[in-house]
Amino acid sequence: QSYGEAVSLGANTTLTSTSAGNIGFADTLNGLFTLAINTTGDTVFGGAVGNSAALVSLSTNAGGTVEISGGSVRTSGAQTFGEAATLGADTTLTGTGVTFGSTVQGNTSARSLTVVAGAGDVIFTGELGGVSGLISDVVVNSGGITRFSAPVQVASLQTNATGTVEINTSGVTTTGTQSYGESVTLGADTTLTASGVTFGGT
C-alpha cells in the first residue's frame, strides 16, 4: 500500500498487508483517530504525522521495520512501534507514552531523537543507537517511567526532572554528557561511560 499524497483519517483505521507488503506514506498523515499498521514488510512515514491534527494513537506491529522520516509524530494518546525503527531525520515524538519494541537507529547519518510523553512511559526495549547506530542527541521528557532495557550508545542523553528512570542494561555510552533529571533505578550491573554524568534525583 503506497499513499503518495497527504492522507487524512476520517475514522479509526487499520491497514494490513497479509503478504509482507510495504505500507508507505510519502506525505503528511493527519486525523483525530487511531491508526494501526500491521505488516511484516516495511512501514514508512515519509512526511510529518499529526502535524495539523494529532492522531489519537499510532501502533505498528512487531514484524518488519518502521522508518520515520518526516521529522515528527504527534498523537494525543500512545505511540507503539513494534519493530526495528530507523530515523530518516531529526525526530520529535509527542504523545502520551511511547514504546519501541525493538532497536532504534538512524538510517544514513546521525539523527537526534526527542520524546515528549506527557504522563506516559517511554520504553526502549531494544538497543538505542549502537556502534553504527547513528543516533546523536537523545532527550526524553516523561512524567512516567523511562526504561532502557538494552544497551545505549548515542552522542548524548538527557531525561527530565519528573517521573523515574530504569536502566535495565549493562551499559549506557555517550561521547558527550548524560543527565538524568529524576530518580534512577538500576535493574542490572551497569556501566555509564560519558564525558560527564549528572543525577538530579536519587
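About 8000 Å² of this protein is exposed, and carbon and sulfur atoms supply 51% of that area. Keep in mind as you look around that this is a predicted model. Of the protein's 202 residues, 46% count as buried.

Let's step back to the overall fold. The protein has 28 strands and 0 helices. Its radius of gyration is 16 Å, close to the 17 Å that the globule rule gives for 202 residues, so the protein is as compact as a globular protein of that length. Taken along the principal axes, the box filled by its C-alpha atoms is roughly 45 × 30 × 25 Å. If you take the contacts between residues at least 6 apart in sequence, 19% of them join residues at least 24 apart.

Now turn to the aromatic rings, which form 6 pairs in the structure. In one of them, the ring centres of Tyr3 and Phe25 are 5.2 Å apart and the planes meet at 15 degrees; the pair counts as stacked because planes under 30 degrees apart are classed that way. Tyr3 belongs to strand β1 (residues 2-3) and Phe25 to strand β4 (residues 23-25), so this pair ties together parts that are 22 residues apart in sequence. What about their surroundings? Tyr3 counts as partly exposed, at 25% relative accessibility, whereas Phe25 is buried, with a relative accessible area of 4%.

Further along the chain, have a look at Phe100 and Phe124. Their ring centres lie 5.3 Å apart with planes at 10 degrees, so this pair is stacked. The pair also links distant parts of the chain, with Phe100 in strand β14 (residues 98-100) and Phe124 in strand β17 (residues 122-124), 24 residues apart. Phe100 is buried, with a relative accessible area of 0%, and Phe124 is buried too, at 1%. These two rings belong to one aromatic cluster together with Phe81 and Phe148.

Phe25 and Phe124 come up again in the largest nonpolar core. Of the 40 residues in that core, Phe25, Leu35, Phe45, Leu113, Phe124 and Leu128 touch the most other members. Strand β19 (residues 135-141) provides the largest share of this core, 3 residues.

Leu113 is a good place to end the tour. Which residues is Leu113 in contact with, leaving aside its neighbours within four places in sequence? The set includes Phe124 and Leu128, along with Leu87, Leu93, Val104, Val138 and Val139. Thr91 and Asp137 are also in contact with Leu113.

Methods
Residues numbered from 1 in each chain as written. Predicted model: local features only at pLDDT ≥ 70, side-chain atom pairs only at ≥ 80, totals over all residues. Heavy atoms only, no water. Phe/Tyr/Trp six-rings, centres within 6.5 Å; stacked < 30°, edge-to-face > 60°. Helix = DSSP H or I, 4+ residues; strand = E, 2+ residues; numbered from the N terminus. Buried < 20%, exposed > 50% of the residue type's maximum accessible area, 1.4 Å probe, protein only. Core = buried A, V, L, I, M, F, W, Y, C linked by side-chain atoms within 4.5 Å. Contact = heavy atoms within 4.5 Å. Rg over C-alpha atoms; globule rule 2.2 N^0.38 Å. Areas by Shrake-Rupley, 256 points an atom, 1.4 Å probe, with all protein chains shown as cover.
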